[in-house]
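Please read the following with the sequence and the three-dimensional view side by side, moving from the overall fold to single side chains.

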Amino acid sequence: MCFMCCVSNIIAQSENEVKAQDSVVKVQDSVVKVLDTIRWKQKNKIGVDINEVTFVNWNAGGANSISALLAMKSSLRYKKNNLIWFNEVRTRYGVNKQESQRLRKTEDELELISTIGYRNDTITNWYYSGRFNFKTQYSNGYNYPNRDNAISRFMAPGYLFIGGGVEYGRNIEKLSFYFSPLTFKATFVLDQALADKGSFGVTPAVYDDFGNKIIEGENVRTEMGILVTNAYETEVLENIYIKNRFSLYTDYLNSFGNIDVDWEVMFDFKVNDFVKATLGSHLRYDNDVKIIEETDVAEEFVQKGASIQWKQLLGIGVVVDF
């Protein structure tokens with residue numbers, strides 16, 4: 001009798017051990033599945049800023065106005081062992097309406113970014129990195145109040161950067177320094193009227209002495225040079241965040257040492273999970289982007305030198321993360 005009880009206990013214990021082992025295996029499988037899922041991480045953000053000014057019997061004068069800015073950003077990151085692949089889409093579009101004027105564009109941007117990096121081990125913060133970047137705009141741009149001649153259009157310009165180099169980043173999504181000794185840059189001007197003028201650095205059209213066009217302006221300008229970038233995000237004070245993006249580019253063959261600058265600084269002041277205020281500055285300089293002015297002769301333009309481009313942004317709005 002005692003022997004039978006002992007055998008029964010041993011069998012029950014063995015069954016419990018098997019069940020426990022099965023449970024451990026299931027937990028391990030679940031952990032593996034979770035880790036596989038975590039390798040892919042997606043973030044989406046959409047925000048709307050609205051500014052409005054209204055005057056009623058205001059003795060200092062002024063014009064009623066309202067402006068709106070829509071901004072969207074979506075990112076997808078893949079990270080496994082020593083490999084990281086980051087993709088991002090950024091787009092912004094803004095308009096302004098004053099009581100005595102037609103609707104005007106204030107912001108217009110579409111940017112695609114893809115970066116892939118590999119490091120030798122988990123200790124180092126240096127990555128061998130390749131980068132793809134593309135920029136353009138959605139709609140026509142004008143030198144207001146002149147609406148007869150567009151100074152920019154969709155894919156006029158469009159900018160493409162493809163290169164490889166090294167990138168440093170302890171937390172590469174928040175802080176990175178990228179250096180590429182070999183970056184290909186293409187400038188697209190697919191509007192023939194702007195290409196004929198030589199806008200954005202492409203070769204302009206050739207005309208005879210009677211003003212007849214002999215050779216059309218080129219639609220693409222290619223360069224090969226050095227690219228240096230820096231990206232930085234942090235919380236400087238409670239609910240005050242700063243984002244800094246800075247890039248320098250110079251071409252090896254065409255005026256080496258003339259540096260294209262693109263520097264954007266953005267402060268986000270968080271009121272709560274949905275309301276924020278934004279203060280931003282965006283500075284650009286491109287030696288190939290010349291100022292073009294009209295002359296007294298119809299459809300004849302004169303090209304001036306390059307100039308610093310600067311844009312400032314201040315707004316309050318609603319933002320949603322998902």
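Two strands are taken to pair if DSSP finds at least two bridges between them. With that criterion in mind, and remembering that this is a predicted model, one can look at strand S5 and strand S6 (residues 158-168), which pair in the antiparallel sense over ten bridges; within this pairing, serine 129 has glycine 165 in S6 as its bridge partner. On its other pairing, with strand S4 (residues 104-118), strand S5 (residues 126-136) again runs antiparallel, and nine bridges join the two. Here serine 114 has phenylalanine 132 in S5 as its bridge partner, while glutamate 111 stands opposite lysine 135 in S5.

These pairings belong to a wider arrangement, in which twelve strands close into a barrel in the order S1-S2-S3-S4-S5-S6-S7-S10-S11-S12-S13-S16, with antiparallel pairing. Neighbouring strands of this sheet are turned by 20° against each other on average, if direction is ignored.

Aromatic side chains offer a second way through the model, since a search of the whole structure finds nine aromatic pairs. One of them is formed by phenylalanine 246 and tryptophan 263, which meet edge-to-face at 5.9 Å centre to centre, with 85° between the planes. Because phenylalanine 246 lies in strand S11 (residues 240-251) and tryptophan 263 in strand S12, this pair ties together parts that are 17 residues apart in sequence. Phenylalanine 246 counts as partly exposed because its relative accessibility is 28%, and tryptophan 263 counts as partly exposed at 40%. By contrast in geometry, phenylalanine 267 and phenylalanine 269 form a stacked pair, with 6.4 Å centre to centre and 20° between the planes. Phenylalanine 267, at 26% relative accessibility, counts as partly exposed, and phenylalanine 269 counts as partly exposed at 29%. Elsewhere, Trp40, Tyr78 and Trp85 form one aromatic cluster, and the charged end of arginine 131 sits over the ring of tyrosine 178, 4.1 Å from its centre.

Where does asparagine 272 lie? Its place is in the loop between strand S12 (260-270) and strand S13 (275-285), and with 37% relative accessibility asparagine 272 counts as partly exposed. A polar atom of the asparagine 272 side chain lies 2.8 Å from the backbone nitrogen of phenylalanine 274, and the side chain of asparagine 272 also reaches the backbone nitrogen of valine 275, at 2.8 Å. Asparagine 239, although 33 residues away from asparagine 272 in sequence, is 8.6 Å from it in space, C-alpha to C-alpha.

Conventions
Residues numbered from 1 in each chain as written. Predicted model: local features only at pLDDT ≥ 70, side-chain atom pairs only at ≥ 80, totals over all residues. Heavy atoms only, no water. Helix = DSSP H or I, 4+ residues; strand = E, 2+ residues; numbered from the N terminus. Buried < 20%, exposed > 50% of the residue type's maximum accessible area, 1.4 Å probe, protein only. Polar contact = N/O pair within 3.5 Å; in protein donor to acceptor, adjacent residues only side chain to side chain. Axes fitted to C-alpha atoms, helices over the stretch in contact; angles between N-to-C directions. Phe/Tyr/Trp six-rings, centres within 6.5 Å; stacked < 30°, edge-to-face > 60°. Lys NZ or Arg CZ within 6 Å of the ring centre and 35° of its normal.
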